[in-house]
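Let's take a walk through this model together, with the viewer open beside the text. Please have your selection and distance tools ready as we go.

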Amino acid sequence: MSFPWSLQNLPKQNFINNEYVDSTNEKKLTLHNPADASLIADDVPLSGEQDVEAAIAAAEKAFPTWKKMAPTQRRNIMNKFADLVEQHSVQIAELTRVSLGAPYKAFGAFEIGLCAEAFRYNAGWIDKFGGESWPQDDGFLKIVRNEPLGVCAGIVPWNGPVGTIGLKAAPALATGNCFILKPSEKTPLSSLALGTLIKEAGFPPGVFQVLAGDGSTGALLASHMRIRKVSFTGSIPTGKKIQEMAAKSNLKRVTLELGGKSPAVVFDDCDLDNAVTWTANAITANTGQVCFAASRVYVQEGIYEKFIAKYKEAMQAKTKEVGNPEEEGKNLGPLVDEAQFKRVTGFIERGQQGQGKLLVGGQRIGDKGFYIEPTVFTDVDPESEIHCEEIFGPVSVVRSFKTEAEIMHLSNNTNFGLMAGVFTQDINKALRVASDFESGMVGVNCVSLCFLNAPFGGSKESGLGRECGIHALRAFTEPKTIMVNLNY
Ligand code: NAD
């Protein structure tokens, strides 16, 4: 199979009804390479109303056949797609890297593998997601069918542009829905390239489509009267708008995966090296642009000085890994673009004006591209901006604490609730703290990780609903109860 897309031949058309087509909108997206700020393209589609209507019409046409396709056939198509994604992992990653800046070994390979595995995992569910039945003791047999919703949309962010496709498209398609993908305006190229593989895998026209665009395209999808569900990953303000648009239009279902400011609580009795490794990795993976990064680190006073010395050392070692994402050994690329660079450096500058003490980092690296040193603030004021807000860069804040009660209060004193971590060798304390965290996910002696078979998502303002596992299938289906009168 030929995969025509490369940096020399960028995909710049939407993928609708199994064909690459030009957008009818005159406005276009412009992309820059964050490694050196050079222009990549200024003619990537910014889909407008007509493009959205065309994709929805094709999806509605495809839905009746797709939902009734034999489970084995649907499974085979999804598995083939997974194989093709894996086979072209390097080229797909290149199309992401050119506008995200993420190195292949440290990030690209992981997130593309996640996408492929999500397709396999959900394909495996197709003939196992049975309904329910309830006995006829009262004279009525109740049969509950899990039915697909219809045309669904996935609106995804730039920080994990291919991995998030797997988490949304795979369960949507496995359960018989048609799926329209709207990638971020910052990272549309790898998504557009998937069209070739969608067709090759055997998805019928209209089942799986890709519309590049920005927030205006996302809003057209979220407010559309014939889209039945939006699965969204991105920021909290946009998530709130999407829920509002869903409510004001057709009350479409929404799943929201939003931001975080996740705490890691390190007790005196932990394995110190393990705690340092996990917390340092958590805030530097993908240059800190990860929703569930452990960005608040709380360390008990008995181990505080030792932890700080090792954490500083680990972050300084990470600094040596920052650099051109195409260079061997550079595991931390630049921040995604100038806007994100200004946002992160703004937090760092203001943080130094009385919010905390700069322990390490804080400087730009080089004068070209958007590279930044991994940065740690200690003794941070719990009311300060750097302690309370999501920075979305390689910047963590550290505080010491005395008691479990005190630190659980501080950990939970936030409207975020995505991830948390506890480091201790006392199993009772670990389980007590794990249940006391107000968050969708908790790591014990680990943090900032996820698995395809276990629910993924946030509580409070970090999200609504869950991805992964059977929860994703439920989120893309609705139970229908059929009542059979056996007395008739
Ligand atoms: P964003 O909210 O700016 O954009 C996300 C997507 O929404 C993009 O595709 C964008 O085009 C679209 N969009 C923007 N405005 C819209 C509107 N009015 N209507 C419909 N769609 C609209 O977020 P981002 O900057 O791309 O991503 C960073 C944020 O995502 C961070 O807050 C991060 O924590 C969060 N995130 C969360 C998870 C998770 O699983 N919880 C994962 C990754 C990222």
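A good place to begin is a pair of strands: S17 (residues 375-378) and S18 run parallel and are joined by three bridges. Keep in mind throughout that this is a predicted model. If you would like one residue pair to locate this pairing, pick threonine 375, whose bridge partner in S18 is valine 395.

S18 has another partner as well. Strand S13 (residues 294-300) also runs parallel to S18, and five bridges join the two. Here you can select valine 299, which stands opposite serine 400 in S18. How many of the seven residues of strand S18 are buried? Five of the seven residues in S18, which covers residues 395-401, are buried, so the strand is largely enclosed by the rest of the structure.

Moving along the chain, we come to helix H13 (residues 404-412), which holds glutamate 404. Is glutamate 404 buried or exposed? Its relative accessible area is 19%, and because the cut-off for buried is under 20%, glutamate 404 counts as buried. The side chain of this glutamate has a polar partner: a contact of 2.7 Å links it to the side chain of arginine 432.

The next stop is another parallel pair, strand S19 (residues 419-423) and S20, joined by four bridges. Valine 422 faces valine 444 of S20 across this pairing. In a regular strand, side chains alternate between the two faces of the sheet. Strand S20 (residues 441-444) shows this alternation: Met441 and Gly443 point to one face and are buried, while Val442 and Val444 point to the other face and are not buried.

Now for the ligand. Which residues are closest to the ligand? The shell around the ligand has 29 residues, and the closest are Lys182, Glu185, Ser235, Leu258 and Glu390. By class, the shell divides into 14 nonpolar, nine polar and six charged residues.

Several polar atoms are worth checking with your distance tool. A polar side-chain atom of glutamate 390 is 2.6 Å from an oxygen atom of the ligand. The backbone takes part too: a polar backbone atom of valine 156 lies 2.8 Å from a ligand oxygen atom. For alanine 219, a backbone N or O atom is 3.4 Å from a nitrogen atom of the ligand. On its own, the ligand has 850 Å² of accessible area, and the protein covers 87% of it.

Which elements give two or more residues to this shell? They are helix H7 (215-222), strand S10 (229-233) and helix H8 (236-248). H8 provides the largest share, with four residues. It also helps to look at the domains: domain 1 (14-258 + 462-481) and domain 2 (263-453) both contribute residues to the shell, so the ligand lies between them.

Two residues give a feel for distances along and across the fold. Glycine 463 sits in strand S21 (residues 463-464) and is buried, at 13% relative accessibility. Although glycine 463 and glycine 260 are 203 residues apart along the chain, their C-alpha atoms are separated by 9.3 Å. Isoleucine 365 belongs to strand S15 (residues 364-365) and counts as partly exposed, with 26% relative accessibility. The C-alpha atoms of isoleucine 365 and serine 435 are separated by 41 Å, with these positions 70 residues apart along the chain.

Finally, let's look at some backbone torsions. Asparagine 18 has a phi near 65 degrees, a positive value in a residue other than glycine. Asparagine 18 lies in the loop between strand S1 (14-16) and strand S2 (19-21), and at 6% relative accessibility it counts as buried. Lysine 460 also has a positive phi, about 45 degrees, although it is not a glycine. You will find lysine 460 in the loop between S20 and S21, where its relative accessibility of 36% makes it partly exposed.

Definitions and conventions
Residues numbered from 1 in each chain as written. Predicted model: local features only at pLDDT ≥ 70, side-chain atom pairs only at ≥ 80, totals over all residues. Heavy atoms only, no water. Near = heavy atom within 4 Å. Polar contact = N/O pair within 3.5 Å; in protein donor to acceptor, adjacent residues only side chain to side chain. Areas by Shrake-Rupley, 256 points an atom, 1.4 Å probe, with all protein chains shown as cover. Nonpolar A, V, L, I, M, F, W, Y, C, P; charged D, E, K, R; others polar. Domains from an automatic or database assignment. Buried < 20%, exposed > 50% of the residue type's maximum accessible area, 1.4 Å probe, protein only. Pairing = 2+ DSSP bridges.
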